[in-house]
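Student: Could you take me through the salt bridges here, and then what surrounds them? I'd like a close look rather than a quick tour.

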Amino acid sequence: MGILIRPVESRDRTAVREILIGCGVFSNEEVSVALELMNEGLAGSYPLFAAEMDGILRGYICIGKIPLTRGTWHLYWIAVHPACQAIGIGRALQAHAEDFIRSLGGERLALETSSRADYERTRRFYRRAGYTQVGCICDFYQPGDDCIMFCKVLARPPDA
């Protein structure tokens, strides 16, 4: 009953949608945007990885290199089916993405998340994984819902 990390395939769209909806924190608009990014990723714009257990897709992650940076990447989406949270799937996806980024010479991974109370577990997940809060934009998503920015250094840049 191990976790298998593999590239996302077009056949995964329904499972990814169910995971996003099942998490209970994403709005319909956010689910739509995540699925649009998935379509872009399947077309080659963003690396997408899926986590399977017992042949069933249980989580996914979407990342991408940030244009105009030497080695900074962005974590756009990571989601794990609620029935499978807290058993290491998110950690496995995150570690795989970080290793992938390092393999391409990436230096850091940045991400944004909400300040809402229902995202506290998410923020704790990132802190435990070595991410540092590097910023906050008040009322970013809507009044009272700030954008909390995190970053993790994956590799030190070579001396210039």
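Tutor: Happy to! A salt bridge here means a side-chain nitrogen of Lys or Arg within 4 Å of a carboxyl oxygen of Asp or Glu. Counted that way, there are 13 salt bridges. Please keep in mind that this is a predicted model.

Let's begin close to the start of the numbering. Arg6 and Asp12 form a salt bridge through their side chains, with N to O at 2.8 Å. Are these partners buried or exposed? Arg6 counts as buried because its relative accessibility is 11%, under the 20% limit. Asp12 is buried too, at 3%.

Now compare that pair with Arg11 and Glu9, whose side chains meet in a salt bridge of 2.5 Å, N to O. Arg11 has a relative accessible area of 57%, which is over 50%, so this residue is exposed. Glu9, at 34%, counts as partly exposed.

The next bridge deserves a slower look. Glu98 and Lys152 are joined by a salt bridge at 3.1 Å, N to O. This pair links distant parts of the chain, 54 residues apart: Glu98 sits in helix H3 (residues 89-103), while Lys152 belongs to strand S7 (residues 145-153). Both ends are buried, with a relative accessible area of 5% for Glu98 and 16% relative accessibility for Lys152. The pair is also part of a network, in which salt bridges with shared partners connect Glu98, Asp99, Arg102 and Lys152.

From Lys152 we can follow strand S7 itself. S7 runs antiparallel to strand S6 (residues 132-142), and six bridges join the two. Across this pairing, Gln133 stands opposite Phe150 in S7. The S6 and S7 hairpin has two residues between its strands, and Gly144 takes a positive phi near 85° there.

H3 and S7 come together again in the largest nonpolar core, which has 22 residues. Each of these elements supplies at least two residues of that core, as do strands S2 (48-53), S3 (56-65), S4 (72-80) and S5 (108-114). Ile61, Ile63, Leu75 and Leu93 are the residues with the most contacts inside the core. Setting aside neighbours within four places in sequence, Ile61 is in contact with several residues, including Leu75, Trp77, Leu93 and Ala97. Apart from this core lies another, of 19 residues, among them Val8, Leu35, Ala50 and Leu57.

Technical notes. Residues numbered from 1 in each chain as written. Predicted model: local features only at pLDDT ≥ 70, side-chain atom pairs only at ≥ 80, totals over all residues. Heavy atoms only, no water. Buried < 20%, exposed > 50% of the residue type's maximum accessible area, 1.4 Å probe, protein only. Helix = DSSP H or I, 4+ residues; strand = E, 2+ residues; numbered from the N terminus. Pairing = 2+ DSSP bridges. Core = buried A, V, L, I, M, F, W, Y, C linked by side-chain atoms within 4.5 Å. Contact = heavy atoms within 4.5 Å.
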